[in-house]
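Colleague: Got a minute to walk me through this one? I'd like the quick tour before I get back to the bench.

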Amino acid sequence: MTSIAFFFLCLGIFTILARRTVIGLLMASHFFTLAGVTAAVLANNSIDSAEDGAVFGFFVLLGGAFQFSILVAFVIRFFYLSGMGNIESLADLKNSG
Amino acid sequence: MLGVFAIVASGLLGGVAVFVAKIERAVFCLWLSSLLMAAFYFSKGAMFLSMAFVLVSSLASAIVLVVAGLLGINFDKIQIKKSIMAGIILIFFFGVITFFIGFSGGNFNGIELGSGEPLRFVSVGRAFTQKYLAELFLLMFTSFLLLVGMGVVSRNESKLK
């Protein structure tokens with residue numbers, strides 16, 4: 001059952017590698033949050049705890065929401081600066097300094 | 001049974017969301033996938049978490065649609081070579097991790113689906129206010145800082161000049 005969480009983690013990494021747009025980053029952060037919450041819920045059932053897993057999953061969900069808000073701010077900022085949503089041009093920043 | 005259906009359908013929809021060509025379809029697939037995972041959490045007894053998950057995922061999907069629509073961002077073509085390489089590597093790691101989890105005597109995967117007892121909201125609220133109060137305040141403070149920072153970062157510079 002823990003493989004489900006790992007499956008979503010793999011899906012997030014795959015999304016980052018396959019999609020080179022900022023929306024791809026947002027989708028990947030969603031998959032990472034899904035993996036974390038699923039792992040917390042499953043761990044709760046495996047240790048037969050009362051509510052610790054659900055509360056910890058809620059914290060993971062909040063962390064994912066923070067990550068999402070930062071990424072949305074990054075998307076808006078990046079779009080205003082570069083005028084496009086492709087993150088390939090981020091590699092040029094290394095030589096621009 | 002609900003848990004198995006939710007896991008399979010959610011995984012399939014998540015996979016579809018990675019490969020579709022249009023953003024609105026990807027967001028819709030992700031949203032449906034999130035709802036199904038919320039149903040899975042519900043079947044495991046975490047009702048409060050599933051409700052929070054539905055709210056957060058719906059809000060996030062709406063924000064992504066609005067941002068993508070306003071800024072006109074769209075997907076590029078999926079990079080086939082990198083996708084195939086990443087897929088092979090990740091399937092290999094998935095197999096290795098699953099093998100070791102299965103090899104560990106079933107301590108991690110011996111959970112019956114739907115065996116969790118439903119958590120009462122009272123117990124979750126008591127856990128928040130008694131056991132995890134410091135973490136809750138820390139997260140609330142962090143969220144406030146992040147919201148302020150998000151507004152500062154996403155502000156259009158040209159309006160200031």
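Modeller: Sure. Helices here are DSSP runs of at least four residues, strands runs of at least two, and both are numbered from the N terminus. Keep in mind that this is a predicted model.

Colleague: Fine. In what order do the elements of chain A run from the N terminus on?

Modeller: They go α-α-α-α. That is 4 helices and 0 strands for chain A.

Colleague: How much of chain A is buried?

Modeller: Buried residues account for 58% of its 97 residues.

Colleague: Let's take one. Is Ala28(A) buried or exposed?

Modeller: Ala28(A) is buried, because its relative accessibility is 0% and the cut-off for buried is under 20%. Ala28(A) sits in helix H2 of chain A.

Colleague: And how far is Ala28(A) from Asn44(A)?

Modeller: C-alpha to C-alpha, 24 Å. In sequence the two are 16 residues apart.

Colleague: What about Ala54(A), where does that lie?

Modeller: In helix H3 of chain A. Ala54(A) has a relative accessible area of 2%, so it counts as buried too.

Colleague: Which separation do you get from Ala54(A) to Phe79(A)?

Modeller: Their C-alpha atoms are 37 Å apart. Along the chain, the gap is 25 residues.

Colleague: Switching to pockets. What volume does the largest pocket have?

Modeller: About 550 Å³. It is lined by 29 residues, and the closest to its centre are Gly64(A), Ala65(A), Phe68(A), Val56(B) and Ala60(B).

Colleague: Both chains, then. Which helices supply at least two residues each of that lining?

Modeller: From chain A, helix H2 (22-46) and helix H3 (52-82). From chain B, helix H2 (23-43), helix H3 (47-71) and helix H6 (133-153).

Colleague: Which one gives the largest share?

Modeller: H3(B), with 9 residues.

Colleague: What's the lining like by class?

Modeller: The lining of the largest pocket has 21 nonpolar residues and 8 polar ones. Charged residues are absent from it.

Colleague: Now the outside. Which residues form a nonpolar patch on the surface?

Modeller: Phe141(B), Phe144(B), Leu145(B), Val148(B) and Val152(B). Together they have about 500 Å² of accessible area.

Colleague: And where is Phe141(B) placed?

Modeller: In helix H6 of chain B. Helix H6 of chain B also came up with the pocket, as it supplies at least two residues of the lining.

Colleague: Great, that's what I was after.

Conventions
Residues are numbered from 1 along each chain as its sequence is written. Chains are lettered from A and ligands numbered from 1 in the order in which they are written. This is a predicted model: local features need pLDDT of at least 70, side-chain atom pairs count only at pLDDT 80 or more; totals for chains, interfaces and linings use all residues. Side-chain values use heavy atoms; hydrogens and water are left out. On a 1 Å grid over the protein atoms alone, a cavity is a set of points where a 1.4 Å probe fits but cannot get out, and a pocket is an open set with protein on both sides within 12 Å along at least five of seven lines; lining residues have an atom within 4 Å of a point. Grid points are joined across faces, edges and corners, and a volume is the space filled by probe spheres set on the points. Ala, Val, Leu, Ile, Met, Phe, Trp, Tyr, Cys and Pro count as nonpolar, Asp, Glu, Lys and Arg as charged, and the others, Gly among them, as polar. Patches are made of residues with over 30% relative accessible area and no salt bridge: like charges are joined within 9 Å, nonpolar side chains (Val, Leu, Ile, Met, Phe, Trp, Tyr) within 5 Å. Accessible areas come from the Shrake-Rupley method with a 1.4 Å probe; for residues, only the protein chains shown count as cover. A salt bridge is a side-chain nitrogen of Lys or Arg within 4 Å of a carboxyl oxygen of Asp or Glu. Buried means under 20% relative accessible area, exposed over 50%, partly exposed in between (1.4 Å probe, protein chains only).
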